[in-house]
Amino acid sequence: MSTSLGADRADGAVRIGALAPLTPPGWTEAGRHLLAGLELGVRDVNDAGGVGGRPLELVVRDTAADPQRAAAAVDELARLDVAAVAGEYHSVVARAAAARADALGLPFLCSSAVLDALTGQPTEWVARIAPAQSHGWRRYADFLLGAGHSRIAVATQPSVYWASGTGILRDHLAPRGGDVVELDMSALGPAALCDALAGHGATALLLLVGHPEPAARVVRSVRRDPRLAGVLIGAPAGQPEFAEWVTLLGGSGAGIPFLRYLPERLTPLGARVEAALRERLTETPSFVAFEGYDTIAVLADVLRAHGTDRARIAASWPRVATDGTRGPIRFSRVPGISVRQWAWPPVQIVDRDPAAPDRFRVLHTG
């Protein structure tokens, strides 16, 4: 499907579909940060003259962490003559959106979802800003080993995303002498979880569960159990990134390492964007907000160079060369990854400082 779009709109605007979890059970705080980045990117593009003199316009749809709702939104956006679709945070939701975009021949630039198998087979229609799960989670496993943790427990729930993460950790740790045991939170209550953790002798427990619950409940239970005083709690999926974590847990939520996709130092563009995002969000912007902004920066460059024809947009992914907020963005084919991938965004392992939970400490970079 190849369609030139937007020329028949009265205002001449170029439409971009935007997907984000804005209502429960979606992770709404992540959705709010993602949308803030997307909207700021559009504002900056339009303030600079738009795309060939035409303004960008976001057409926002709430996915609410529902894959079927996301697929239906992609169908609707395709009918609304968007040039491309952008965004989404939840990996399972993004997978549904990517599959539908691929089937329709609609370019999709995924901002924040990390599942390696974002589509069932290699596609030219989908590209991704966020790093693949295997890339970030292997760095996280290296951090655990370097900190002396080889017996790892994972508190997990049934999900393609959590199962994929568990497999990545196990495959990476096993050849290095590491051991991973799964604790199924659909069968275990807080007391039983603590008993199982103490019995296994694990020195680290990873939260491969939903936010805010049961993640916050698990943290409270483990922190209160004197048998587990030496156990490191970790959250590779990034639950402690957002301010809600501190609101829920206070000091108990500190000292929990998580993955964050920010560099040691932002680019000059990134520093300017950070200040604007802080004003827009009235709080410290997360890496998700930067992913949203970078998504629009890439799409604006593509639209300026190649126009609004969908097939030309998708064909341009290998030629992208955009200076983003966190470094130069290029897309390539990575073995085992089904979509065009920025290889790689910066990766940090970070926690909240127990002495000041509003402050982050960088523990490891990779």
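Which helices and strands are among those that cover the buried residues of H7? The notes below come to that point after the model as a whole has been described.

1. Confidence. This is a predicted model, and the pLDDT of the chain averages 95, with 97% of the residues scoring at least 70. Over residues 1–8, however, the pLDDT is below 50, although in the model this stretch has 21 contacts beyond near neighbours in sequence.

2. Overall form. Eleven helices and 16 strands make up the secondary structure of the chain. The radius of gyration is 20 Å, close to the 21 Å that the globule rule gives for 366 residues, so the chain is as compact as a globular protein of that length. Taken along the principal axes, the box that the C-alpha atoms fill is roughly 65 × 40 × 35 Å.

3. Interior and contacts. Of the 366 residues in the chain, 59% are buried. When contacts between residues at least 6 apart in sequence are considered, 70% of them join residues that are at least 24 apart.

4. Surface and charge. The chain exposes about 13,700 Å², and carbon and sulfur atoms supply 52% of that area. There are 37 positive and 38 negative side chains, and the centres of these two sets lie 2 Å apart.

5. Helix H7 and its cover. Helix H7 spans residues 215–224, and its buried residues are Ala215, Ala216, Val218, Val219, Ser221 and Val222. In answer to the opening question, the cover over these buried residues includes two helices, H6 (190–200) and H8 (243–249), together with two strands, S8 (204–208) and S9 (232–234). The spacing along the helix can be read against a general rule: an α-helix has 3.6 residues a turn, so residues three or four places apart point the same way.

6. Asp195 in helix H6. Asp195 belongs to helix H6, one of the elements that cover the buried residues of H7. With a relative accessibility of 42%, Asp195 counts as partly exposed, because that value falls between the 20% and 50% cut-offs. Although Asp195 and Leu228 are 33 residues apart along the chain, 9.6 Å separates their C-alpha atoms.

7. Cis peptide bonds. Pro24 and Pro25 are joined by a cis peptide bond, with omega about 5°, and Pro25 sits in the loop between strand S1 (14–20) and helix H1 (28–47). A cis peptide bond also joins His211 and Pro212, where omega is about 0°; Pro212 lies in the loop that runs between S8 and H7, and S8 is itself part of the cover described for H7.

8. Positive phi at Ala64. Where along the chain is Ala64 found? Ala64 is in the loop between strand S2 (56–62) and helix H2 (67–79), and its phi is positive, at about 50°, although Ala64 is not a glycine. Is Ala64 buried or exposed? Its relative accessibility is 6%, which is under the 20% cut-off, and Ala64 therefore counts as buried.

9. Positive phi at Asp81. Asp81, which is likewise a residue other than glycine, has a positive phi near 65°, and its place is in the loop between H2 and strand S3 (84–87). Its relative accessibility of 33% lies between the cut-offs of 20% and 50%, so Asp81 counts as partly exposed, whereas Ala64 counts as buried.

Conventions. Residues numbered from 1 in each chain as written. Predicted model: local features only at pLDDT ≥ 70, side-chain atom pairs only at ≥ 80, totals over all residues. Heavy atoms only, no water. pLDDT = per-residue confidence, 0-100. Contact = heavy atoms within 4.5 Å. Buried < 20%, exposed > 50% of the residue type's maximum accessible area, 1.4 Å probe, protein only. Helix = DSSP H or I, 4+ residues; strand = E, 2+ residues; numbered from the N terminus. Rg over C-alpha atoms; globule rule 2.2 N^0.38 Å. Areas by Shrake-Rupley, 256 points an atom, 1.4 Å probe, with all protein chains shown as cover. Lys, Arg positive; Asp, Glu negative; His and termini not counted. Charge placed at Lys NZ, Arg CZ, Asp CG, Glu CD.
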